[in-house]
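Biologist: I have a structure open and would like to learn how to read its features one by one. Could we go through it together?

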Amino acid sequence: MSSSDFTKRYLPWVVATALFMEQLDSTIVNTAVPTMAVSLGVTPLSLKSVVTSYILSLAVAIPVSGWMADRFGTRRVFMTAVVIFTIASILCGLSVNTPMLVAARLLQGFGAAMMMPVGRITIIRTFPKAELLSAMNFVIIPALIGPLLGPTVGGLIVHWLSWREIFFINVPVGVAAIYLAWRYMPDYRDEHPRPLDVMGLILFGAGIALLSWLLEIFGEHRIDVTSATVLFAIAGFLLLAYFLHARRDDHPLLRLELFRIRTFRISVVGGFLTRLGVGGLPFLLPLLYQLGLGLPAWKSGLLMMPSAAAAMGMKFISVRVLAHFGYRQVLVVNTVLIGITISMYSFVHAGTPLYAIVAISLCLGFFNSLQFSSMNSIAYADVEQKESSMASTIASSMQQLSMSFGLAAGSLITGWYLGDVPQSDRVLLTEALHDAFLTLAVLTILSSAIFWLLRKEDGASISGSAKMATATTEAQSPPDA
């Protein structure tokens, strides 16, 4: 086996292992907040900073990940990121007070911000476009499974052990990721790396951090309208200032000219809009199961497991689906199917059979897996390899922001329908959640319109549909005389 084949075989495992650790950690902490508050002698509300600090660190550090990979090399940056994340996890588990825990979470978020963008850059540079879909399809599975397993694993650990083990479980996974990266990750770097855009980092980092923080707390804290308006205006001003700066700078932090590439633009914008509907589900489904149906936390977590199983199943057929139907048809139809699936939750009530809920969960995982694999891979269909690190950085930044927007949208929509309804009133709460699911379903279906802008042949170099079309044409053509 050649070194190239050797790398291709194991590299997806390297990136997938680190991504699974990151995604699991980002959701598992929420379950343990009440127990952590008791242990540290503070109120659960005061531990909101433990969650927001991680989000803020991600938002600020992701934009600089591409520059670091070009400057210091993908292997060194990736391994350093995993080491930082693992050490920060240990510090989180050893924390004796809230400030120490928040500081450790900031460090952990910085490590996480380096892992996925740099891992994605390495995948893009290693695999030719004809093989890129299969590789990214494998790597995306942990991103779907981690958030689904997080609440379940977190609940079981807190129930049987202590909240500190939630962070310590990252240690063996981190050690495995470090070993795999040392053995199998190639070391790509730019021979002439661009200078770091310090002003751009300040403007974009501050703007995106402020916006992410506002979206994170918007649905859970009461913030007066004046303060919220002023803070949103400041965030908007900072991002607008970065936009004007990036147009003048020769080496901007994020090269916005990449949005002139039609497939990249549609992928990023379409993915952002689709996540407005999908992103609220991790917040809404536990509410429906625990408050609406009255299920304990561990049963609620188990009901989200079928989505993970379906996501893994889709991995085996998504390549063939995209090769047969093409990106345009798959993304348009599949986005609508996701919206319809979300609307099905509006029919779930206390008397709904368990198998029906499991069936909906299976469909959601199935369609979500195909959606994210398609959106993430089409982004690089027309991007040149020399622009891969910049494209990955922009896509990762927008995905992080879209997840915050999606969670905020789900929270705000639910709050709108709940009004002054007490959460102890199970019937009225369930009705409000049903209305929220229908609203998110409509938003998701409407987002499919952006994918109509794709052309039939877009992404053929990745999906293999071009090869299939050529083979079909040759088969139908008469033999040469």
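Modeller: Happily! Let us start with a single residue and its contacts. Setting aside residues up to four places away in sequence, Thr 335 touches Thr 274, Val 330, Gln 371, Thr 444, Ser 447, Ser 448 and Phe 451. Keep in mind that this is a predicted model.

Biologist: Where does Thr 335 sit, and is Thr 335 buried or exposed?

Modeller: Thr 335 is part of helix α15. Its relative accessibility is 0%, and the cut-off for buried is under 20%, so Thr 335 counts as buried.

Biologist: What about the chain as a whole? How many helices and strands does the protein chain have?

Modeller: There are 20 helices and zero strands in the protein chain. Of its 481 residues, 54% count as buried. Sequence separation is another useful view: among contacts between residues at least 6 apart in sequence, 85% join residues at least 24 apart.

Biologist: Back to α15, then. At what angle do helix α15 and helix α16 pack?

Modeller: To read a helix pair, take the angle, the distance between the axes, the handedness and then the residues that meet. Helix α15 (residues 327–344) and helix α16 (residues 354–378) pack at about 150°, and their axes are 9 Å apart. Their crossing is left-handed. On the α15 side, the residues that meet α16 include Val 330, Asn 334, Thr 335, Ile 338 and Ile 342. On the α16 side they include Ile 360, Leu 364, Phe 367, Gln 371 and Met 375. Sorted by class, this contact has 14 nonpolar, seven polar and no charged residues.

Biologist: Thr 274 and Thr 444 were also on the list for Thr 335. Which helices do Thr 274 and Thr 444 belong to?

Modeller: Thr 274 is in α10 and Thr 444 is in α18. The axes of helix α10 (residues 262–278) and helix α18 (residues 426–447) come within 7 Å and cross at roughly 165°. Angles over 145 degrees count as roughly antiparallel, so α10 and α18 are roughly antiparallel to each other. The crossing is left-handed. Leu 273, Thr 274, Leu 276, Gly 277 and Val 278 in α10 meet Leu 440, Thr 444 and Ser 447 in α18. By class, that contact has four nonpolar, four polar and no charged residues.

Biologist: Let me try the reading on α3 and α4. What is their crossing angle?

Modeller: Helix α3 (residues 74–94) and helix α4 (residues 98–126) cross at roughly 155°, with axes that come within 8 Å. That angle makes α3 roughly antiparallel to α4. Their crossing is left-handed. The contact residues divide into 20 nonpolar, six polar and one charged.

Biologist: Now for the nonpolar cores. Which residues touch the most other members of the largest one?

Modeller: For a core, look at its membership and then at its most connected members. The largest nonpolar core has 112 residues, and those touching the most other members are Phe 78, Met 115, Ile 123, Tyr 289, Ile 342, Tyr 345 and Phe 437. Take Tyr 345 as an example: beyond four places in sequence, Tyr 345 touches Leu 285, Leu 288, Tyr 289, Ile 360, Ser 361, Leu 364, His 434 and Phe 437. There is also a second, separate core of eight residues, including Leu 40, Val 50, Cys 92 and Ala 104.

Biologist: How do I read a pair that is far apart in sequence? What separates the C-alpha atoms of Ile 394 and Gly 66?

Modeller: Set the sequence separation beside the C-alpha distance. Ile 394 and Gly 66 are 328 residues apart along the chain, and 9.0 Å separates their C-alpha atoms. Ile 394 lies in helix α17 and is buried at 2% relative accessibility. Outside its neighbours within four places, Ile 394 is in contact with Leu 254, Arg 255, Leu 258, Phe 259 and Phe 264.

Ser 397 also lies in helix α17 (residues 388–418) and is buried, with a relative accessible area of 8%. From C-alpha to C-alpha, Ser 397 and Ile 208 are 9.0 Å apart in space, with their positions 189 residues apart in sequence. Contacts of Ser 397 beyond four places in sequence are with Ile 62 and Pro 63.

Biologist: And what does a partly exposed residue look like? How far apart are Pro 282 and Leu 407?

Modeller: Pro 282, in helix α11 (residues 281–292), is partly exposed, with a relative accessible area of 47%. Pro 282 and Leu 407 are 125 residues apart in sequence and 7.9 Å apart in space, C-alpha to C-alpha.

Key
Residues are numbered from 1 along each chain as its sequence is written. This is a predicted model: local features need pLDDT of at least 70, side-chain atom pairs count only at pLDDT 80 or more; totals for chains, interfaces and linings use all residues. Side-chain values use heavy atoms; hydrogens and water are left out. Axes are lines fitted to C-alpha atoms, for helices over the stretch in contact, and angles run from 0 to 180 degrees between N-to-C directions. Helices (H or I, at least four residues) and strands (E, at least two) are DSSP runs, numbered from the N terminus. Angles under 35 degrees count as roughly parallel, over 145 as roughly antiparallel, 65 to 115 as roughly perpendicular and the rest as oblique. A crossing is left-handed if the near helix is turned anticlockwise from the far one by less than a right angle, and right-handed if clockwise. Ala, Val, Leu, Ile, Met, Phe, Trp, Tyr, Cys and Pro count as nonpolar, Asp, Glu, Lys and Arg as charged, and the others, Gly among them, as polar. Contact means heavy atoms within 4.5 Å. A nonpolar core is a set of buried Ala, Val, Leu, Ile, Met, Phe, Trp, Tyr and Cys residues joined through side-chain atoms within 4.5 Å. Buried means under 20% relative accessible area, exposed over 50%, partly exposed in between (1.4 Å probe, protein chains only).
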